[in-house]
Amino acid sequence: MTTRYRVEYALKTHRRDQFIEWVKGLLAVPFVLYSQPTGVVGDGTSIAKMSEEAHRRYAEIMRDVEVMIDDHIARQNQDSPIPSKLGMLVPTAGPFFTRLPLEAAFKYQDRKRYISCRRYVAPSFNDVRLVLNSAQIMAVTNGTLQLATFDGDVTLYDDGQSLEPSSPIVPRLMNLLRNNIKIGIVTAAGYTTADGYYGRLHGLLETIAASTELDPVQKQNLVIMGGEANYLFEYSQSSPYRLAQVPRAQWLTPEMASWSETDITTLLDVAETALRDCIRSMNLPARLIRKDRAVGIIPDPPHIQIARESLEETVLVVQRILELSSLGLREQAAAAASKIGGTNPAPEKRGVPFCAFNGGRDVFVDIGDKSWGVAVCQQWFGRRDAGSTGATAASTAIKGENTLHVGDQFLSAGSNDFKARSVGTTAWIASPSETVELLDELADLTQKKLA
């Protein structure tokens with residue numbers, strides 16, 4: 001199942017982004033009212049007038065949504081018990097870490113995609129997704145971006161492939177490092193040793209090693225967080241794999257340090273039982289893989305493609321079983337609020353957070369999720385730069401408004417980038433080529449604002 005199919009697949013409620021669907025619905029009204037479908041040749045004047053009017057109405061709608069987001073942010077920052085208008089219309093919206101200049105972002109994307117000129121195809125899910133990406137890039141190019149985190153597969157390289165030296169993404173990541181923007185690659189790949197990550201990222205690692213433009217501090221501004229939030233590696237010039245593993249005790253956040261090893265093992269046991277039951281009940285051509293911080297199923301034999309419906313069913317079954325168990329995280333929203341607001345976690349014992357996700361060919365359950373992986377990167381770099389340790393680490397962490405996470409899986413079920421929205425700003429891409437365009441847009445807007 002390709003990522004672009006995942007992005008466009010909206011047959012079920014759990015496969016939809018409610019905010020994007022809502023905005024798309026708003027834009028459908030002027031499309032119906034102002035589009036002029038016709039088969040007559042030479043009606044250029046009519047089409048130009050239609051396009052101008054559609055552009056005006058689309059831009060007005062985006063400006064109205066922008067104002068609603070501003071109100072939502074104001075109430076969010078005040079911890080108001082009264083929901084915002086946006087919150088009532090789209091209960092799943094938020095949190096927002098920055099303003100989103102949607103009107104300007106729409107005008108930018110309209111110049112690229114000619115959305116207003118279309119007569120037969122209404123503004124689409126992907127149109128809205130890319131407008132939101134542009135708005136977020138515009139919001140973080142005012143000098144506030146300190147940390148950019150990236151998913152691996154389908155974000156930096158094609159699914160199952162690696163980041164080669166010839167990849168167009170490599171020089172763009174190098175540009176981030178030259179501008180003192182820290183990089184965290186937060187991937188579901190759960191290798192426990194550096195050689196596994198070197199195999200996937202050798203193009204970037206060797207380019208950094210050979211660079212004469214980056215100083216030693218800038219080279220250290222790269223970390224790899226593997227297994228969602230379970231293995232941290234920092235750049236090491238002297239290592240044959242250009243990476244050195246950081247002992248877990250040095251980077252665990254206080255919340256993560258409180259997770260019981262017994263509870264972790266028991267949660268994985270429950271997940272393993274659920275996965276085995278799915279293999280048996282759906283007769284899946286798969287075998288089970290158990291790791292110290294993850295459990296999953298992979299095709300058996302390897303060349304078999306398990307039906308996407310079966311993979312999604314497996315994700316939802318396992319996720320539901322774990323949520324209903326006493327080991328699941330009891331208050332996911334409270335945990336997210338704790339990380340956002342910097343408040344201490346509730347004194348009562350919480351379950352172990354987990355992420356059950358569909359990798360396209362397999363299904364895995366990891367301990368933690370990418371919100372924790374990104375949070376570790378925020379605290380690691382913030383603590384290093386401030387020279388802080390222990391309890392003060394959280395107060396020096398890079399903030400959500402200074403963080404951008406780029407990934408391809410943001411749908412609410414079985415999508416492991418989704419939870420990164422709780423700790424920083426995000427951009428939703430559908431392929432490595434879109435990542436290239438996003439980074440070019442980031443560089444271009446940054447340069448214009450500095451000029």
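In which helix is Ala59 found? In this predicted model, the residue sits in helix α3, which covers residues 44-77. Ala59 has a relative accessibility of 4%, and since buried means under 20%, the residue counts as buried. Leaving out residues up to four places away in sequence, Ala59 touches Glu103, Phe106 and Lys107. Ala104 belongs in this picture too: its C-alpha atom is 8.1 Å from that of Ala59, although 45 residues separate the two along the chain.

Now for the whole protein. A count of its elements gives 16 helices and eleven strands. The chain has 451 residues, and 54% of them are buried. The accessible surface adds up to about 19,800 Å², with carbon and sulfur atoms accounting for 54% of that area. What about contacts between residues at least 6 apart in sequence? Of these, 70% join residues at least 24 apart.

Glu401 gives an example of two residues that are far apart in sequence. Its place is in the loop that runs between α15 (370-386) and β10 (403-407). Along the chain, Glu401 and Thr98 are 303 residues apart, yet their C-alpha atoms are separated by 6.0 Å. Thr98 is also one of the contacts of Glu401, along with Phe97, Val140, Thr144 and Thr425, once neighbours within four places in sequence are left aside. Is Glu401 buried, exposed or partly exposed? With a relative accessible area of 31%, Glu401 is partly exposed.

Next comes a pair of helices. Packed helices in general are described by two things, the angle between their axes and the distance between those axes. For helix α12 (residues 261-281) and helix α13 (residues 308-324), the axes come within 9 Å and the crossing angle is roughly 145°. The crossing of α12 and α13 is right-handed. On the α12 side, the contact is made by Leu267, Val270, Ala271, Ala274, Leu275 and Cys278, while α13 brings Thr314, Val317, Val318, Ile321 and Leu322. Sorted by class, the residues in this contact of α12 with α13 are ten nonpolar and one polar, with no charged ones. Val270, in helix α12, is worth a closer look. Val270 and Val318 are 48 residues apart in sequence, and 8.7 Å lies between their C-alpha atoms. Val270 is partly exposed, at a relative accessible area of 25%.

How are the buried residues of a helix arranged around its axis? Helix α7 (residues 169-178) offers a case to look at, with Ile169, Val170, Leu173, Met174, Leu176 and Leu177 as its buried residues. Looking down the axis of α7, these residues fall within an arc of 155°, so they line one face of the helix. The background is simple: an α-helix has 3.6 residues a turn, so residues three or four places apart point the same way. After α7 comes Asn180, which has a positive phi, near 65°.

Two other residues with a positive phi can be set side by side. Arg242 is not a glycine, but its phi is positive, at about 60°. Arg242 lies in the loop that connects β4 (231-235) to β5 (243-246). Its relative accessibility is 19%, so Arg242 counts as buried, the cut-off being under 20%. Asn283 is not a glycine either, and its phi is positive at about 50°. This residue is found in the loop between α12 and β6 (286-290). Is Asn283 buried or exposed? At 67% relative accessibility, Asn283 counts as exposed.

The last stop is strand β7 and the loop after it. Pro299 is in strand β7, and with 8% relative accessibility Pro299 counts as buried. Setting aside neighbours within four places in sequence, Pro299 is in contact with Pro285, Ala286, Ile304, Ile306 and Arg361. The C-alpha atoms of Pro299 and Arg287 are separated by 6.5 Å, and these two residues are twelve apart along the chain. Pro301 is placed in the loop between β7 (294-299) and α13. The peptide bond from Asp300 to Pro301 is cis, and its omega is near 5°.

Terms used
Residues numbered from 1 in each chain as written. Predicted model: local features only at pLDDT ≥ 70, side-chain atom pairs only at ≥ 80, totals over all residues. Heavy atoms only, no water. Helix = DSSP H or I, 4+ residues; strand = E, 2+ residues; numbered from the N terminus. Buried < 20%, exposed > 50% of the residue type's maximum accessible area, 1.4 Å probe, protein only. Contact = heavy atoms within 4.5 Å. Areas by Shrake-Rupley, 256 points an atom, 1.4 Å probe, with all protein chains shown as cover. Axes fitted to C-alpha atoms, helices over the stretch in contact; angles between N-to-C directions. Left-handed = near helix turned anticlockwise from the far one by under 90°. Nonpolar A, V, L, I, M, F, W, Y, C, P; charged D, E, K, R; others polar. Arc of directions from axis to C-beta.
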